[in-house]
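Dear colleague,

I am passing on the structure below, together with some notes on what turned up in it. Please read the notes with the structure open beside them.

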Amino acid sequence: QVHLVESGGGLVQAGGSPRLSCAASGRTDSFYTLGWFRQAPGKEREFVARISWKLGGAYYGDAALGRFTISRDYAKNTVFLQMTSLKLEDTGVYYCAAGPEGSSRSPSQFRSWGQGTQVTVSS
């Protein structure tokens, strides 16, 4: 089993640039794709970004493209989400997740999840 722990969330002003981190432990040799999702109250969980753990290739959802960057520190089993130009609609709980090679953008394709970290954007 893969264990994931997010950090870096909090209260951020609009236009800010926080960086979220996700530390992985356990059976880290069993996952191939790391992703970030977010969820606002009353809304469905939304795909933000994903990255190939071994190769580093990245893919972004529409809301993240051009503003967020996903990356990983392979040696430290950590994945990051660098967020820039935050908007009020970016508010939500951000989750990291791990899945197999075929994982795309559906939450059901990811097998392991962290508990999430709250990001609140204020003006």
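The side chain of Glu6 reaches the backbone nitrogen of Gln115 at 3.2 Å, and a polar atom of that Glu6 side chain also lies 2.9 Å from the backbone nitrogen of Cys96. Such polar contacts are pairs of N or O atoms within 3.5 Å, where within protein one atom must be able to donate a hydrogen and the other to accept it, and where residues adjacent in sequence count only if both atoms are side-chain atoms.

Please keep in mind that this is a predicted model, in which local features need pLDDT of at least 70 and side-chain atom pairs count only at pLDDT 80 or more, while totals for chains, interfaces and linings use all residues. Residues are numbered from 1 along each chain as its sequence is written, and side-chain values use heavy atoms, with hydrogens and water left out.

Glu6 is buried (under 20% relative accessible area, with exposed meaning over 50% and partly exposed in between, for a 1.4 Å probe and protein chains only). Glu6 nevertheless has no salt bridge (a side-chain nitrogen of Lys or Arg within 4 Å of a carboxyl oxygen of Asp or Glu). The nearest side chain of opposite charge (Lys and Arg count as positive, Asp and Glu as negative, and His and the chain ends are not counted) is that of Arg45, 7.9 Å away. Leaving aside residues up to four places away in sequence, the residues that Glu6 touches (heavy atoms within 4.5 Å) include Trp36, Tyr94 and Gly114.

Glu6 belongs to strand β1 (strands are DSSP runs of E, at least two residues, numbered from the N terminus). In a regular strand, side chains alternate between the two faces of the sheet. In β1, Val2, Leu4 and Glu6 make up the covered face, whereas His3, Val5 and Ser7 make up the uncovered one. β1 and β3 run antiparallel and are joined by six bridges (strands pair if DSSP finds at least two bridges between them), and Ser7 has Ser21 as its bridge partner in β3.

The largest nonpolar core (buried Ala, Val, Leu, Ile, Met, Phe, Trp, Tyr and Cys residues joined through side-chain atoms within 4.5 Å) has 26 residues, and Trp36, Leu81 and Tyr94 have the most contacts inside it. Among the strands that each supply at least two residues of this core are β1, β4 and β9.

In β4, six of the seven residues are buried. β4 pairs in the antiparallel sense with β5 over six bridges and with β9 over seven bridges. Leu34 stands opposite Ile51 in β5, and its bridge partner in β9 is Ala98.

Best regards

Note on methods
Helix = DSSP H or I, 4+ residues; strand = E, 2+ residues; numbered from the N terminus.
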